Amino acid sequence: MGGPLVVDADALNLLAAGPLRRDDWVLTPHPGEAGRLLGLDSARVQGHRPAAAALLSQCYGGICVLKGAGTLVHGPAGLQVCDAGNPGMASGGMGDVLTGVIAGLVAQGLPEAGVSRGEALSHLEAAATLGVCVHAAAADRAAVAGERGLLATDLLDALRSTVNP
């Protein structure tokens with residue numbers, strides 16, 4: 001398997017069924033998916049979010065983005081918490097947009113050949129952290145008209161203006 005990956009949705013379910021470890025991926029589970037990956041129920045994941053994110057990184061390698069209120073990013077540099085975002089983000093497709101944002105950032109800034117593995121990992125962690133923050137900030141901009149009924153597609157214009165101030 002070549003190149004870094006951003007892993008979400010059914011790919012996380014497949015990973016739970018057949019665990020692998022890689023250093024060059026970003027896992028983006030919500031609490032239910034995190035629970036399946038760790039063999040825990042989602043309530044336990046929610047009750048111990050920082051520990052769950054750290055354990056996911058420890059067990060599966062790479063960077064863990066544990067989605068939810070106060071999305072967490074755990075990687076070699078430690079734990080980052082995103083304090084942006086809103087309840088309107090709890091709708092279908094939001095995780096897909098987040099995955100696309102992170103993958104786009106990875107693709108735009110992928111280190112040149114010959115860069116050390118540590119530098120590549122720090123790039124993945126930076127892309128995950130920035131992606132989470134940009135996604136949440138765009139959702140906050142899109143929710144100015146109200147959080148209720150917020151759709152993933154509502155973030156598109158807000159994403160553009162967030163990354164191109």
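## Confidence

Over residues 110–115, pLDDT stays under 50. For this stretch the model has five contacts beyond four places in sequence. The model is a predicted one. Its chain averages a pLDDT of 92, and 92% of the residues score at least 70.

The low-scoring residues 110–115 sit in sequence between helix 5 (94–109) and helix 6 (117–142). Both helices return below, in the account of the pocket.

## The sheet

Five strands form an open sheet. Their order is 1-2-3-4-5, and the pairing is mixed. Strand 1 (5–7) and strand 5 (78–81) are the edge strands. Each of them pairs on one side only. On average, neighbouring strands of this sheet are turned by 15 degrees against each other, direction ignored.

Strands of a sheet pair through backbone hydrogen bonds, in either a parallel or an antiparallel way. This sheet holds examples of both, as the next two pairs show.

## Two strand pairs

Strand 2 (residues 25–27) and strand 3 (residues 63–66) run parallel. Two bridges join them. Within this pair, V26 has I63 of strand 3 as its bridge partner.

Strand 4 (residues 72–75) and strand 5 run antiparallel, joined by four bridges. The connection from strand 4 to strand 5 is a hairpin through two residues. L72 stands opposite V81 in strand 5.

## Helix 5 on the sheet

Which strands does helix 5 lie across? They are strand 1, strand 2 and strand 3. The helix runs at about 170 degrees to strand 1. One of these three, strand 1, is an edge strand. The other two, strand 2 and strand 3, form the parallel pair described above.

## The largest pocket

Rolling a probe the size of a water molecule over the atoms shows where empty space is left. In this model, the largest pocket holds about 550 Å³ of space. Its lining has 26 residues. Those nearest the centre are K67, G68, T71, M89 and A90.

Two elements give two or more residues to this lining: helix 5 (94–109) and helix 6 (117–142). Which of the elements gives the most? Helix 5 does, with four residues. Helix 5 thus has two roles here: it lies across strand 1, strand 2 and strand 3, and it contributes to the pocket lining.

By residue type, the lining divides into eleven nonpolar, ten polar and five charged residues.

Note on methods
Residues numbered from 1 in each chain as written. Predicted model: local features only at pLDDT ≥ 70, side-chain atom pairs only at ≥ 80, totals over all residues. Heavy atoms only, no water. 1 Å grid on protein atoms, 1.4 Å probe; cavity = no way out; pocket = protein on both sides within 12 Å on 5 of 7 lines; lining within 4 Å. Points joined across faces, edges and corners; volume = space filled by probe spheres on them. Nonpolar A, V, L, I, M, F, W, Y, C, P; charged D, E, K, R; others polar. Pairing = 2+ DSSP bridges. Axes fitted to C-alpha atoms, helices over the stretch in contact; angles between N-to-C directions. Contact = heavy atoms within 4.5 Å. pLDDT = per-residue confidence, 0-100.
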